[in-house]
Amino acid sequence: MDLQISGKKAVVTGSTAGIGFAIASELAREGASVVINGRSQAGVDAAVARLKAAVPGALVAGCAADLSNAAGCEALFAAHPQADILVNNLGIFDPSPFEATSDSEWQRFFDTNVMSGVRVSRHYVAGMKAANWGRIVFISSESGINTPGEMVHYGMTKSAQLAVSRGLAQSCAGTGVTVNAVLPGPTRSEGVAEFFGKLAAESGIGLAEMERRFFAEGRPTSILKRMIDPSEVAALVAYVCSARAAATTGAALRVEGGIVSTIC
Ligand code: NAD
């Protein structure tokens, strides 16, 4: 299927690793010019080089900016004032008992996971509306529906993204701009691999046993019963960003292996 996004400009936030990098790679493979974002210049430069090696001829630029604050977002807008496709992928996660999670930690999660997408979407949507074409995707999570007890503060941000995504879609009514949320399940990104490795080491078990227990005890409703590969999330996101997906908007699309057991 030709996704018909050749020549479009895509910004993918938090894309030096993990799901974001896989999305940037998939969009580049489809002929879009892609902006890779992370906090450090070295990390961005390395990711740009990695993408160029993986996708020969890819049009890739890098932007080092911390998008958890307004100044970082302004730096991105100054370097890249316009985008046809925006993927709000940036997101942090960290288990923390509810009783031990401080006000500042709640605020940090809100600023990083919610306000980054709000600020960046607010900037780019104006140009998209003027061009009568645009794609905005929020990378939420199945945790936005099934709030995890071990990280309520994270689940809150993923639910908030669903509200922002749906409302923003409605504000684009009658234009060629679509806004959707994509809800991955447990995905073997760099961040999650590190997290699982730490848990396995602490429990004195191997990684395979750690993952088996995670699906048996933590996510028993998973139909897939395995970690998702970032490329499997990226495939859905690339479709949603495509010209072919013009009639899909205001939707919350799952790529979570069936953990959420409601039908719709
Ligand atoms: P990751 O930790 O592997 O990668 C995060 C990326 O964000 C890195 O490129 C990092 O450099 C960048 N980053 C972190 N803080 C930043 C900041 N302040 N400004 C700019 N860049 C920053 O993450 P991942 O697992 O690939 O997750 C990506 C998204 O997918 C997140 O929104 C996460 O909530 C969501 N998600 C992940 C999973 C999963 O199991 N991996 C499941 C559901 C949803």
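These legends go with several views of a predicted model, beginning with the whole chain and then moving to close-ups.

**Figure 1. The whole protein chain, with its 8 helices and 7 strands.** Let us start with the overall picture. The C-alpha atoms of the protein chain fill a box of roughly 55 × 40 × 40 Å along the principal axes. The radius of gyration is 18 Å, which agrees with the value near 18 Å that a compact globule of 264 residues would have. Buried residues account for 48% of the 264 residues. If we take contacts between residues at least 6 apart in sequence, 73% of them join residues at least 24 apart.

**Figure 2. Surface and charge of the protein chain.** The accessible surface comes to about 11600 Å², and carbon and sulfur atoms contribute 57% of that area. The protein chain carries 22 positive and 23 negative side chains. The centres of these two sets lie 6 Å apart. Searching the whole structure turns up 8 salt bridges, and the next three views visit some of them.

**Figure 3. A salt bridge within helix H1, between Glu26 and Arg29.** Here the two side chains meet at 3.0 Å, N to O. Both residues belong to helix H1, which covers residues 18–29. Glu26 and Arg29 are 3 residues apart, about one turn of the helix. Arg29 has a relative accessible area of 47%, so this residue counts as partly exposed.

**Figure 4. A salt bridge between distant parts of the chain, Glu142 to Arg219.** In this view the side chains of Glu142 and Arg219 come together at 3.1 Å, N to O. The partners are 77 residues apart and sit in two loops. Glu142 is found in the loop between strand S5 (134–139) and helix H5 (152–171). Arg219 is in the loop between helix H7 (207–218) and helix H8 (230–240). Both Glu142 and Arg219 are buried. Look for Glu150 here too: Glu142, Glu150 and Arg219 are linked in a network of salt bridges.

**Figure 5. The salt bridge between Arg226 and Glu232.** The side chains of this pair meet at 3.0 Å, N to O. Arg226 is at 37% relative accessibility and therefore counts as partly exposed. Glu232, with a relative accessible area of 32%, is also partly exposed.

**Figure 6. Ser159 in helix H5.** Is Ser159 buried or exposed? Neither label applies, because its relative accessible area is 28% and Ser159 is partly exposed. For a sense of distance, you can pair Ser159 with Glu74: their C-alpha atoms are 26 Å apart in space. In sequence, Ser159 and Glu74 are 85 residues apart.

**Figure 7. Positive phi at Gln4 and Asn132.** This last view brings together two residues with a noteworthy backbone angle. Gln4 has a positive phi of about 60° although it is not a glycine. Gln4 lies in the segment before strand S1 (9–12), and its relative accessible area of 41% makes Gln4 partly exposed. Asn132, again not a glycine, has a positive phi of about 60° as well. Asn132 is placed in the loop between helix H4 (103–131) and S5. With a relative accessible area of 45%, Asn132 is partly exposed.

Conventions. Residues are numbered from 1 along each chain as its sequence is written. This is a predicted model: local features need pLDDT of at least 70, side-chain atom pairs count only at pLDDT 80 or more; totals for chains, interfaces and linings use all residues. Side-chain values use heavy atoms; hydrogens and water are left out. Helices (H or I, at least four residues) and strands (E, at least two) are DSSP runs, numbered from the N terminus. The radius of gyration is taken over C-alpha atoms; the globule rule is 2.2 Å times the number of residues to the power 0.38. Buried means under 20% relative accessible area, exposed over 50%, partly exposed in between (1.4 Å probe, protein chains only). Contact means heavy atoms within 4.5 Å. Accessible areas come from the Shrake-Rupley method with a 1.4 Å probe; for residues, only the protein chains shown count as cover. Lys and Arg count as positive and Asp and Glu as negative; His and the chain ends are not counted. The place of a charge is taken as NZ of Lys, CZ of Arg, CG of Asp or CD of Glu. A salt bridge is a side-chain nitrogen of Lys or Arg within 4 Å of a carboxyl oxygen of Asp or Glu.
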